[in-house]
Amino acid sequence: MTEEPSVLDYVKAKLMPWRGPAPAIPDESAPPAKPSAKKKAGAPKAPAKAASRPKPAAESPEYEKELSLADFPWRSAGALLLFLFAQVMFGRSPDAALSGLPFLAAAVAVFVLAARNGEWRIPAFEAAEDDERPLMVRRVPLTLALIFFALTLWFTGGNTFNLVNVSFWFASIAFSIIALWQLDEEGVWPNPVVSLREGWGQKVLDFLRSRWGILLVSAFVLAFFFRFWQLGAVPPEMQSDHAEKLLDVYDVLNGQHSIFFPRNTGREPLQFYLTAFVAQVFGTGVSFLSLKIGTALFGFLSLIYMYLLGKEVGGRWVGFLAVLLAGIAYWPNVIARAALRFMLYPAFVAPTLYHMIRAFRRTRLNDFLLAGLFMGVGLHGYTPFRAVPVVVIGALLIYLLHKPSPEQRRRALIGFALMALVALVVFAPLLRYAVDNPDMFGFRMLSRVTSIQTELPGNPIALFFGNLARALAMVNVSGGNIWLVGLPFEPALETISAALFLLGVALVIWRYWLQRNWSDLFLLAAVPLLMLPSIMSLAYPDENPAMNRAGGALVAVFLICALGFDALLHGIRNCLGGRRGIQVAAGIGGALVLFSAFANYGLVFERYNHQYTQSSWNTSEMGAVIADFAEGSGSLDQAWVVSFPHWVDTRLVAINAGNPGRDYGIWPDTLATTLEAPLPKLFLLRPDDAEGLSTLQTLYPQGSASLYQSAQANKDFLVFTVETAP
């Protein structure tokens, strides 16, 4: 006899949901079920009915019914409108954000009513079966992997990549994968050539010709447009950080192959080698465009994993919507076009999270290996990626708190250890640098977290929670005040996507309440965890939130947006039924995407581009003047820019002129050193630099000055030319 659950059991289950679902409370008011009537022996059989086509389900396209106003999911529509109203109030200004809370509370209440009424279609997790293959470790490849790992550490001690240590490094990675990769039931290694020959290529072609394939490709085409349209012109100018990056690229192209680049407090190497590759392959040279192509390309390719992630946590429609929303969004578009290392954070977060979630859900050891591979590569990209090991530890803890079976727990712990091992092997060159130069390797991060550069402006705990609150509000209220990576004090998402994020958060919480799936809790926790590089700016709290340092969180944010969007559209379709439901859902979804696309286009190509142009100096125009001078009677080495406090970065002028190895800056008190240079000569000055102009007129009385009128207001400069001897 089964013991009935007590009230205490029910309360404990509600307070500790990770222990499993709460026991069902029987409804004593329901009438007892009637016993089924037994067919009497020898009773005549009912005449057989003619075979008929089964009645279509309500969510089937063939299903049609009489449509009335009562059929429309008004509660869901009301919840969406209230979330939109709340977002409009949040987005007005950070000071007025509290006025949106009543709308948010009302939206959540209406959402719950709609959910209890069955108006939301809860996105389903992709079907997953545990991988029960035993762990197979190949001892010889593992031994070789450890030997080559040790050799990599030994031979990377000079902070320089060379043929020997790179060969050791790649060998250690390859043998690690070979030693730990789990083969299929037949024990055969995957062969891409055989797979292609056996029809894999034809399957891809068939997929691309299908309706779903065409729809998915269309989403990627739209994303491609937003990421690469006017890439060379938006944004138009470089900043000092770009000069630092391009000088490192220039060093790489001239044979200096550093592992960690110490210029400007130190940076990881991936972007510099990527940009050097782009400069050579695309013929764009040491330029702003080379930086942009690399970061925009990585941002675009990461959308593949956005689709796979969405498919994993909610089905293919969630993946499609994640690609669509993230592809047109202002936040990832801007941090990619900024052309610094920012986009490398989310670009490697997406594959790392995909393979990690897939590994935990299926106990697939191979996915743990791939997650470790992407995590190790990501650590060579952008410093905030160092938060990802904390994120994966958080995922492991959340998974274990949900009490998997002993076998699942054992395989998860083994897989986690393998993931860490592979990541460590990939990280090896930087690990050696970190051991040899801990101060330089950790300075950029520690200067924000500790008081090594400036005293903390308050209690660290209070600073942390204040930063946490502002970071969590960045999606809907303010993305911070850094004009390089966004519009100051504007939300990180435009109104439609931000409202869908609020809806998605409510949906994920509701799905977790119903299903107790660890992935939902992790998805919510991943947002603040991936924002930690911004949150931990305790020494400089004014730098938080920062859309670049919190960029990894956009992966989780757009997944949550897509989950909410999918629940809304499929809920509308199921409530209305048939083709009419599909048409109404498609119309509403299309309208929301259209409004979002127009809003994002305006944010990036109009507002962001305008404020960026106003905030930056026109070094491209100055470089063009020097380049024209060199093509005429002068040369690139007979030009100078008279330095002035808080004016242009003269290294950028040289890069724009096509002379990246030169700094054109010269201070007025050293202008006399130019007397020995051959004629003709060219000097560029700030219009209000009276000292510089006076010095030049004294040194070169035969020279002439003219005003160059910039295409941008208040960006004019003087052109002083010396053509003949006095």
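## A buried phenylalanine pair

Phenylalanine 261 and phenylalanine 272 are both buried in this predicted model. Across the model, the count of aromatic pairs comes to 42. One of these aromatic pairs is formed by phenylalanine 261 and phenylalanine 272, with 4.5 Å centre to centre and 55° between the planes. The geometry is classed as tilted, because planes count as stacked under 30 degrees and as edge-to-face over 60, with the rest tilted.

The pair links distant parts of the chain, its members being eleven residues apart. Phenylalanine 261 lies in the loop between helix H8 (240-253) and helix H9 (270-281), while phenylalanine 272 belongs to helix H9.

## An edge-to-face pair

In the pair of phenylalanine 360 and tryptophan 518, the ring planes are at 80° and the centres 5.5 Å apart, so this pair is edge-to-face. Here too, distant parts of the chain are linked: phenylalanine 360 is in helix H13 (residues 344-362) and tryptophan 518 is in helix H20 (residues 518-530), 158 residues apart. Phenylalanine 360 and tryptophan 518 are both buried.

## A ring cluster

Phe261 and Phe272 also belong to a cluster linked by ring pairs. The other members named in this cluster are Phe161, Trp169, Phe170 and Tyr273.

## Charges over rings

Two lysines are placed with their charged ends over aromatic rings. The charged end of lysine 292 sits over phenylalanine 288, at 4.3 Å from the ring centre. For lysine 715, the ring beneath the charged end is that of tryptophan 617, and the distance to its centre is 5.8 Å.

Key
Residues are numbered from 1 along each chain as its sequence is written. This is a predicted model: local features need pLDDT of at least 70, side-chain atom pairs count only at pLDDT 80 or more; totals for chains, interfaces and linings use all residues. Side-chain values use heavy atoms; hydrogens and water are left out. Rings of Phe, Tyr and Trp (its six-membered ring) pair if their centres lie within 6.5 Å; planes under 30 degrees apart count as stacked, over 60 as edge-to-face and the rest as tilted. Helices (H or I, at least four residues) and strands (E, at least two) are DSSP runs, numbered from the N terminus. Buried means under 20% relative accessible area, exposed over 50%, partly exposed in between (1.4 Å probe, protein chains only). A charge sits over a ring if NZ of Lys or CZ of Arg is within 6 Å of the ring centre and within 35 degrees of the ring normal.
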